[in-house]
Amino acid sequence: MISPEQAVDDINATFGVHRARALHAKGTICTGVFTATSEAARLTRAAHMQGQPVEAKVRFSNASGNPATPDYAPDIRGMATAFLLPDGSRTDISAQTSPRFPVRTPDAFIALVKANKPGIGRLWKLPAFLATHPGVLPALRVDAPTLKPPASYATRPYYAIHAFRWLDAAGGERYVRYTWIPRDPRPDLSLREAKGRGADYLREELAERLAREPIRFDLQLQIAGEGDAVDDATAVWPAERETLTAGTLEVSGPDDGDPGLVFDPARVIDGIELSGDPVLNFRPKAYAVSAERRA
Ligand code: HEM
């Protein structure tokens, strides 16, 4: 398997070295509060899911590794959330706007990043990647429309992709997947409309919106059924699987704390465990390399 250092080198070779996050380089951190539902408390003993309001930091971002990429460029958007518990512990959820993750392994992810490098080389590299990874096509087809410029960071669903094991107080367990559902969904913009709003329109709209009112997302949980793959980021679980609302996040304003905060999808606390998903287990190592280089 590719090393985390090589993965970040390859990402940097695609987007350049910018002393920023190797991916999701441009973003804004906000403050918020998360309040879990009683249904969540029934399904996990994790401290942030017991119903008391929990302080949160939320970073909205564009996936490009170049911080100068304009907001109107077609891209994936990120929403990373840190839940800060009163005892000083912390757990994170890292999510993005593509509903389907196209690849099962870190190696295939880096091959896709390299094949997608902007420029003339993409004309042959992308078809070559698709020819050697035909399984990615259905996911890329589903994801393609979600690359359109959104009206706002507040108006899109964000998918956390991986499955996590939730353990409850009585010893029961189940695998779940998270989706942040916006309370204010809106149609996306055309490229022309987004360009007209400027290179920083998402960042500006976020600030204006937060000055006016808080942003709310519901945390939707999908619960795995018998036989659903839990260690494969590309797996699609049947639509009829039980879903429920685990809580609501209220994002209330800009954060004036550390802009270099590292969000780590594998940072879990008692009551939540990781699956064996190779992408999930690789991410913290790559994020640590990226964080060390940008520090
Ligand atoms: C092998 C697969 C992946 C690799 C190698 C990778 C790599 C990276 C790296 C190097 C960063 C910058 C980290 C930092 O400097 O703090 C990053 C950020 C991010 N990634 Fe990934 N990633 C992968 C998969 C995913 C997946 C599956 C998701 C979706 C759930 C995702 C969502 C994000 C988000 C939201 C951020 C921004 C976090 C922030 O705002 O600080 N990534 N990724």
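The exercises below, each with a worked solution, concern the ligand shell and the salt bridges of a predicted model.

**Exercise 1.** State which residues come nearest to the ligand, and describe the polar contacts of Arg21, Tyr287 and Arg294.

*Solution.* Step 1: the ligand has 25 residues around it, of which Arg21, Arg59, Tyr287, Ser290 and Arg294 come nearest. Step 2: the side chain of Arg21 has an N or O atom 2.7 Å from a ligand oxygen. For Tyr287, the side-chain N or O atom is 2.7 Å from a ligand nitrogen. In Arg294, a polar side-chain atom lies 2.6 Å from a ligand oxygen.

**Exercise 2.** Find which element gives the most residues to the shell around the ligand, and sort the shell by residue class.

*Solution.* Step 1: strand 3 (77–84), strand 4 (90–96), helix 3 (106–115) and helix 8 (278–294) each supply at least two residues. Step 2: helix 8 gives the most, with seven residues. Step 3: by class, the shell has 15 nonpolar, six polar and four charged residues.

**Exercise 3.** Locate the salt bridge between Asp10 and Lys114, and decide whether each partner is buried or partly exposed.

*Solution.* Step 1: the side chains of Asp10 and Lys114 form a salt bridge, with N to O at 3.8 Å. Step 2: this pair links distant parts of the chain, since Asp10 is in helix 1 (residues 4–15) and Lys114 in helix 3, 104 residues apart. Step 3: Asp10 has 12% relative accessibility and therefore counts as buried, because buried means under 20%. Lys114, at 40%, is partly exposed.

**Exercise 4.** Describe the salt bridge between Asp92 and Arg90.

*Solution.* Step 1: their closest N and O atoms are 2.9 Å apart. Step 2: Asp92 and Arg90 are both buried.

Note on methods. Residues are numbered from 1 along each chain as its sequence is written. This is a predicted model: local features need pLDDT of at least 70, side-chain atom pairs count only at pLDDT 80 or more; totals for chains, interfaces and linings use all residues. Side-chain values use heavy atoms; hydrogens and water are left out. A residue is near a molecule or strand if one of its heavy atoms lies within 4 Å of it. A polar contact is a pair of N or O atoms within 3.5 Å; within protein, one must be able to donate a hydrogen and the other to accept it, and residues adjacent in sequence count only if both atoms are side-chain atoms. Helices (H or I, at least four residues) and strands (E, at least two) are DSSP runs, numbered from the N terminus. Ala, Val, Leu, Ile, Met, Phe, Trp, Tyr, Cys and Pro count as nonpolar, Asp, Glu, Lys and Arg as charged, and the others, Gly among them, as polar. A salt bridge is a side-chain nitrogen of Lys or Arg within 4 Å of a carboxyl oxygen of Asp or Glu. Buried means under 20% relative accessible area, exposed over 50%, partly exposed in between (1.4 Å probe, protein chains only).
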